[in-house]
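Visitor: Hi, I'm new to this one. Can you put it up and walk me through it?

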Amino acid sequence: MQETVEPVAGLTVAPAPGCVPRLLRMSDSAEDLAAYREAGGYLPLGSVEAVLEEVRRSGLLGRGGAAFPIAIKLTGVRDAGRRGRETVVVANGEEGEPASVKDKWLMRHRPHLVLDGVRLAAAIVDARRAYVYVSDPESARCIDAALSELDAAGIGEVAIELVTVDPAYVAGEETAAIRAINGGPAKPSDKPPRPFEQGVDGLPTMVGNVETLAHLPFIQRHGAAAFRAVGTEHSPGTFLATVTGGGRPPALYELPHGTRFTDVLALHGVASESVRGALMGGYFAGMLDRAVLTATLDHESIRALGSGLGCGAISVLTDECPVAVAAAVLSYFDRENAGQCGSCFNGTAAMAAAATALRDGQANAADIERLRRWSVVLRGRGACGTLDGAANAAATLLARFGAEVSAHLDGRCPLCACGVRVAERPFGVEGVA
């Protein structure tokens, strides 16, 4: 058996052709305070109500995975504050998804854009304190340096604290962030209550993904209409896509929502005819077959195919066996689950074992039927979405790649004939340029 890990040879960073970048900045170094202010950052707050209304009209959706409207989050916490309760903001930069680097890149290269977004969110919900929650040491260093610049310049409408944790897939879940900031382990907790009800120190807390918050300064400066000038009606604006696979080095692209998948392939240097499918939304949303070639990259189009855009991570399948990819993803979930919920601890192990047996030519039809049943009945169990992610990997393998599954049952997979590819973190991006 041949053991390989996806190589990383630097990171390509670029906007899509014709896309004026809102988040990316073509520089190898971190943007300092002077450069950020010269570009129009840290504008006076003005009317907080007006900023919130522009955010609402912009239709900005969360970029962390769930695509939840941030205006609803902000309004819920703001309303709690108006009832006399202190409020808190958390910028979630614990990018536990191995196939995504967008949040790390923003914190390393545009820390002030992130902090400006934190400042605006805090102003909207009337929070006096905020946290930036990270696990990447270089991201933490850049955020800390930017906070020092703000202190020296006397810019401090909100007290922002940096909180670091060890990296883990589950550490990025919003209740895990709250738990860690409160002094506990970075592991999810049962819901309800949700953070907007009881978060940091039991207070209403707005948890926003780093990229999501980084869009707020653009909306404050240019307004909702300008934000919606690109994208689609239901998925407005641009987003950062981490693209891996296809035999190419990883890349971070800023794309308008609605960009054709085939255009991204061309940008990434991958021929459409070589594509077997894609792992969408990082590991969570499962795999699509060649039907992905008909898709546009927006939430409504990808949902219509039974998948999700998630955090914007797209891994292109070309030479990889989908069975081996699914087995690797399921094994990752088995290793990375929090170990707190029996359904998840046992469920991810069982699905990983079945998929690994299939990959290795040791499964039978009964094993596949059990895997199919588990992918249905285990959904929605546990404190976080890890088990749902595992169920998605199993379900999409069985639904989209039936021929490959049958080939493995018969011991005749041509892709695996010369040795099974095993990856601890399939399509994982191990470094950030």
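Visitor: Let me start with one residue. Is alanine 67 buried or exposed?
Guide: Alanine 67 counts as buried, at 9% relative accessibility. The cut-off for buried is under 20%. Keep in mind that this is a predicted model.

Visitor: Where is alanine 67 found?
Guide: In the loop between helix H2 (48-58) and helix H3 (70-82). Its phi is near 55 degrees, a positive value in a residue other than glycine.

Visitor: What about aspartate 126, what is its phi?
Guide: Phi of aspartate 126 is near 60 degrees, and that residue is not a glycine either. Aspartate 126 sits in the loop between H5 and E3.

Visitor: And is aspartate 126 buried or exposed?
Guide: Exposed, with a relative accessible area of 52%. The cut-off for exposed is over 50%.

Visitor: Let's zoom out. How many helices and strands are in the chain?
Guide: The chain has 17 helices and twelve strands. Its radius of gyration is 21 Å, close to the 22 Å that the globule rule gives for 433 residues, so the chain is as compact as a globular protein of that length.

Visitor: What box do the C-alpha atoms fill?
Guide: Roughly 65 × 45 × 35 Å, taken along the principal axes.

Visitor: What share of the residues is buried?
Guide: Buried residues make up 58% of the 433. As for the outside, the accessible surface is about 16700 Å². Carbon and sulfur atoms hold 51% of that surface.

Visitor: What part of the contacts links residues 24 or more positions apart?
Guide: Counting contacts with a separation of 6 or more, 74% are of that kind.

Visitor: Now pick a helix. What span should H6 have?
Guide: H6 covers residues 137-153, which is 17 residues. At 1.5 Å a residue it should span 24 Å. The C-alpha atoms at its ends are 24 Å apart, which agrees.

Visitor: Which residues of H6 are buried?
Guide: Ser139, Ala140, Cys142, Ile143, Ala146, Leu147 and Leu150. Looking down the axis of H6, these buried residues fall within an arc of 165 degrees, so they line one face of the helix.

Visitor: Why would spaced-out residues point the same way?
Guide: An α-helix has 3.6 residues a turn, so residues three or four places apart point the same way.

Visitor: What do the buried residues of H6 pack against?
Guide: Three helices and two strands are listed by name: helix H1 (33-38), helix H4 (102-109), helix H5 (111-125), strand E3 (129-134) and strand E4 (159-164).

Visitor: Which exposed residues are on the face turned away?
Guide: Pro137, Asp151 and Ala152.

Visitor: And what follows H6?
Guide: Glycine 154, with a positive phi near 75 degrees.

Visitor: New topic: cis bonds. Where is the one that involves lysine 191?
Guide: The peptide bond from lysine 191 to proline 192 is cis, with omega near -5 degrees. Proline 192 and proline 193 are also joined by a cis peptide bond, with omega about 0 degrees. Proline 192 is in the loop between helix H7 (174-181) and E5. Proline 193 lies in the loop between H7 and E5 too.

Visitor: Last one, glycine 208. Which strand does it lie in?
Guide: Strand E5, residues 205-209. Glycine 208 is buried, with a relative accessible area of 4%.

Visitor: What does glycine 208 touch?
Guide: Leaving out residues up to four places away in sequence, glycine 208 touches Val90, Ala91, Asn92 and Leu213.

Key: Residues numbered from 1 in each chain as written. Predicted model: local features only at pLDDT ≥ 70, side-chain atom pairs only at ≥ 80, totals over all residues. Heavy atoms only, no water. Helix = DSSP H or I, 4+ residues; strand = E, 2+ residues; numbered from the N terminus. Expected span 1.5 Å × (residues − 1). Buried < 20%, exposed > 50% of the residue type's maximum accessible area, 1.4 Å probe, protein only. Arc of directions from axis to C-beta. Contact = heavy atoms within 4.5 Å. Rg over C-alpha atoms; globule rule 2.2 N^0.38 Å. Areas by Shrake-Rupley, 256 points an atom, 1.4 Å probe, with all protein chains shown as cover.
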